Amino acid sequence: EKGGYPHFMLKEIYEQPNTIFDCIRGRVVNNATEIKLSGVIDHSDRFINARRIIIVACGTSWHAALIGQRLLQDIARIPTSVEYASEFRYSNPVLTSDDIVIAISQSGETADTLAAIKLARENGAFVYGVCNVVGSSIARETDTGTYIHVGPEIGVASTKAFTGQVTVLAMLALAVAQLRGTISQEKLSEFSRSIEQLPSLIKETLKLNDAIEKLSSTYTYVRNFLYLGRGYNYPSALEGALKLKEISYIHAEGYPAAEMKHGPIALIDREMPTVVIAPSDELHEKIISNIQQVKARGGSVIAIVTRGDTTIPEIADHTLEIPPVPEALSPIIVSIPLQLLAYHIAVMKGCNVDMPRNLAKSVTVE
Ligand code: F6R
């Protein structure tokens, strides 16, 4: 049932070209000139009149929510905030019928997320679900939504669900932008074509596996890891750190790269490696200087860069190249080497990657 892979997690990482293909099927339509999500079409008035969006989720789904926040703000121009479902439900939130609450949950059974949406509906908000498991409690309790359609996720550490969630959130932002007229047809088509290319870009990125397996042996006995990223890839840093913690039991922290100098830099020494997510984008120069700061303190750097970057490979200890991709979609591609890095380090440590200690696949208790 693992399809020849040693673990479900690796199988699910490798499935991603196909799962993302299934996720976008029938949704990027008309030669990539249009995004069609029935949940948006059927409730277009809600999206046209929305005053703000609040996204609620837990864990990895909460990281996807942070990326969704940027997408909805950038593309659909709707003020969007993100809350941990466990905090939101006890926060006495101010909600009106012009609010949209988006709940993201792979399992659709997470107790805190379920309680958060019940509260949101009681207070008159419109609730949109982004779930994987069809017919799950959250899927049933929401007004409408979009399934990510990535197939059953067995590995406890979420991989293909995360990339599916981000892909759905990108399509959602575009569908809403289309409705509200906040995007030009040209930009919409350009974006949609990039979404259509995701399966092949993921396939290409999976070729990093051997290089990552090799470099992982260097880091098996490390006790702490730092992950840095900016903009759309700040949540990627959080997610990369969570993956490593969950399955390898190595302490890891994700930070926005520029925050490093406000504290975490004190931790850096020879024993503490840093993963820097540094694709070529607007803030590339700044992230190069972060890498130099880590190197100057004796820390080693694993950098994720865009193919063709000539500067970072000169200073980083290990460089992992990803294909060029628009910044707003880059977390989907960046997550591939981060998943593989956590996986190989954990396997080399002898950890049970599919069933890490103390964790359950769905958290149905508070
Ligand atoms: C991390 C992980 C958990 C879940 C979280 C929410 O790899 O799997 O952090 O993301 O428990 O679960 P869902 O998405 O099912 O609500």
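Helices (H or I, at least four residues) and strands (E, at least two) are DSSP runs, and they are numbered from the N terminus. Keep that in mind for every view here, and remember that the model is predicted.

**View A. A loop with an unusual backbone angle at asparagine 92.**
Let's start with the loop that joins helix 6 (85-88) to strand 5 (99-105), which is where you'll find asparagine 92. Most residues other than glycine have a negative phi. Asparagine 92 goes the other way, with a positive phi near 50°. Is this residue buried or exposed? Asparagine 92 is exposed, because its relative accessible area is 69% and the cut-off for exposed is over 50%.

**View B. Another positive phi, this time at asparagine 30.**
Here the loop to look at runs between strand 1 (28-29) and strand 2 (34-35), and asparagine 30 sits in it. Asparagine 30 isn't a glycine, yet its phi is positive, at about 50°.

**View C. The ligand and the residues around it.**
What surrounds the ligand? A shell of 13 residues does, and the closest are Ser61, Ser105, Gln106, Ser107 and Thr110. Helix 5 (59-76) and helix 12 (234-248) each bring at least two residues to this shell. Which helix has the largest share? That's helix 5, with 3 residues. As for the space the ligand takes up, it is the largest pocket.

**View D. Polar atoms facing the ligand's oxygens.**
Zoom in on the ligand and look for N and O atoms of the protein. In the side chain of serine 61, an N or O atom is 2.6 Å from an oxygen atom of the ligand. Glutamate 246 also uses its side chain: one of its N or O atoms is 2.8 Å from a ligand oxygen. With threonine 60 it's the backbone that matters, as a backbone N or O atom lies 3.1 Å from an oxygen of the ligand. How much of the ligand does the protein cover? On its own the ligand has 410 Å² of accessible area, and the protein covers 90% of that.

**View E. Two separate nonpolar cores.**
Now for the inside of the protein. The largest nonpolar core has 94 residues, and the ones with the most contacts inside it are Ile102, Tyr128, Phe225 and Tyr227. Helix 9 (residues 160-180) gives the most to this core, namely 13 residues. There's also a second core, separate from that one, with 18 residues that include Leu228, Met260, Ile265 and Val301.

**View F. Strand 10 and the loop that follows.**
Valine 276 is part of strand 10 (residues 274-278). This valine 276 counts as buried because its relative accessibility is 0%, and buried means under 20%. From its C-alpha to that of glutamate 239, 37 residues away along the chain, the separation is 13 Å. Next, find aspartate 281 in the loop between strand 10 and helix 13 (284-296). Aspartate 281 has 24% relative accessibility, so it counts as partly exposed. A polar atom of its side chain lies 3.0 Å from the backbone nitrogen of leucine 283. Tyrosine 219 is 62 residues from aspartate 281 along the chain, and their C-alpha atoms are 28 Å apart.

**View G. Two helix residues, each paired with an aspartate.**
Arginine 121 has its place in helix 7 (residues 111-122). How far is arginine 121 from aspartate 143 in space? The pair are 8.7 Å apart, C-alpha to C-alpha, with their positions 22 residues apart in sequence. Arginine 121 has a relative accessible area of 37%, so it is partly exposed. Isoleucine 48 lies in helix 4 (residues 44-49), and with 42% relative accessible area, isoleucine 48 is partly exposed. The C-alpha atoms of isoleucine 48 and aspartate 112 are separated by 29 Å, and the two residues are 64 apart along the chain.

Note on methods
Residues numbered from 1 in each chain as written. Predicted model: local features only at pLDDT ≥ 70, side-chain atom pairs only at ≥ 80, totals over all residues. Heavy atoms only, no water. Core = buried A, V, L, I, M, F, W, Y, C linked by side-chain atoms within 4.5 Å. Buried < 20%, exposed > 50% of the residue type's maximum accessible area, 1.4 Å probe, protein only. Near = heavy atom within 4 Å. Polar contact = N/O pair within 3.5 Å; in protein donor to acceptor, adjacent residues only side chain to side chain. Areas by Shrake-Rupley, 256 points an atom, 1.4 Å probe, with all protein chains shown as cover. 1 Å grid on protein atoms, 1.4 Å probe; cavity = no way out; pocket = protein on both sides within 12 Å on 5 of 7 lines; lining within 4 Å. Sits in = over half its atoms within 2 Å of the grid points.
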